[in-house]
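Student: I am new to this structure and would like to look at it step by step. Could you guide me through it with a few questions?

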Amino acid sequence: MSLLFRSRQQGASQVNISKLQRFVMFWVHNVQQALASLGELLRYPLASMMTMAVLGLSLTLPATLYVVVKNTESLGADWQNAAEITLFLRKDLTQQEVDTVHKRLSLSSAIESVRWIDKQQALSEFKEQSGFGDALAALQQNPLPDVLIVTPVAAQRSAATARQLLSQLQQEREVAEARLDLDWLTRLEAILAVIRHGLSALALLLCVAVVLIVGNTIRLNINSKRDEIMVMKLVGATDAYIQRPFLYTGIWYGLVGGVIAWVATALIIWWISGTVAHVSELYQSQFRIEGLNFSEMMVLWLVAIGLGLLGSYLAVRKHVRTIEMT
């Protein structure tokens, strides 16, 4: 019994060792094939770099457009947050009634602040700045109403919620007219929606083009090694073993192509940032264009690697199987 138990124990340990060896050798072979595929690319650096550059530059255009849309949305959000509602009060209100409505609106939970522009003060400033002081002095009564500038809280500053607040304020008894100029912001959002849809379609087309380019490059590589692949099949090499170097070639294309897309996008943003800064200074704004952040750069890199791998996978699955059939 003891000998039988020992023999079973030894057999189990050998099985565990063999599984461990297979696991280790699997990754060793992967590393070797990855390095071998990189060596193949370095043997033809010009052709390899051209394919990588096409992949990277194809992703540069949608990445740059994404940065432009992101900054435009950020700028639109700043303008949106700065939206104010102007309330023109009835002219027959007394000073006490104006003060009352001013205090009542200031206590509202949907309003951050209320600024009161007194009609006498407004008329005095208009006389000084308009140049029609003598003509305005002939008026028997002040034609200007008291005005309240209402700034909503942060949660009420979007276009939809600001319009809801506007409709509520228009129902106030003391309010003659209320204005909220958000039509231009609605048009801006519509334009951005069109740009986003166009960007998505363009990005999809460029991604398909990248897959086709990588697939065609891998196909040419497979055809150049047709005899070598047939010999490997004759000696018992599996399809996975034969296909793996070509898949790693696609991954290398994506790795380097992603870096090229980073650099090209950064250069374009740097090129246009000076013009944007100049325009911002003309409008007395502190707006500065922002490029890709770290997470967005990682996404761009993963997309490049995925496209390279997908193109190589499609080419390998089709053409290696064709060689097997012959």
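**Helices, cores and a surface patch**

Tutor: The chain contains 10 helices and four strands, where helices (H or I, at least four residues) and strands (E, at least two) are DSSP runs numbered from the N terminus. This is a predicted model, in which local features need pLDDT of at least 70 and side-chain atom pairs count only at pLDDT 80 or more, while totals for chains, interfaces and linings use all residues. Residues are numbered from 1 along each chain as its sequence is written, and side-chain values use heavy atoms, with hydrogens and water left out.

Student: Which helix gives the largest share of the largest nonpolar core?

Tutor: A nonpolar core is a set of buried Ala, Val, Leu, Ile, Met, Phe, Trp, Tyr and Cys residues joined through side-chain atoms within 4.5 Å, and buried means under 20% relative accessible area, exposed over 50% and partly exposed in between (1.4 Å probe, protein chains only). The largest such core has 28 residues, and L55, I218 and Y253 are among those with the most contacts inside it. Helix 2 (45-81), helix 7 (183-224), helix 9 (239-282) and helix 10 (294-325) each give two or more residues to this core. The largest share, seven residues, comes from helix 9.

Student: Is M25 buried, partly exposed or exposed?

Tutor: M25 belongs to helix 1, which spans residues 2-43. Its relative accessible area is 38%, which means that M25 is partly exposed.

Student: What percentage of the residues in the chain is buried?

Tutor: The chain has 326 residues, and the buried ones make up 34%.
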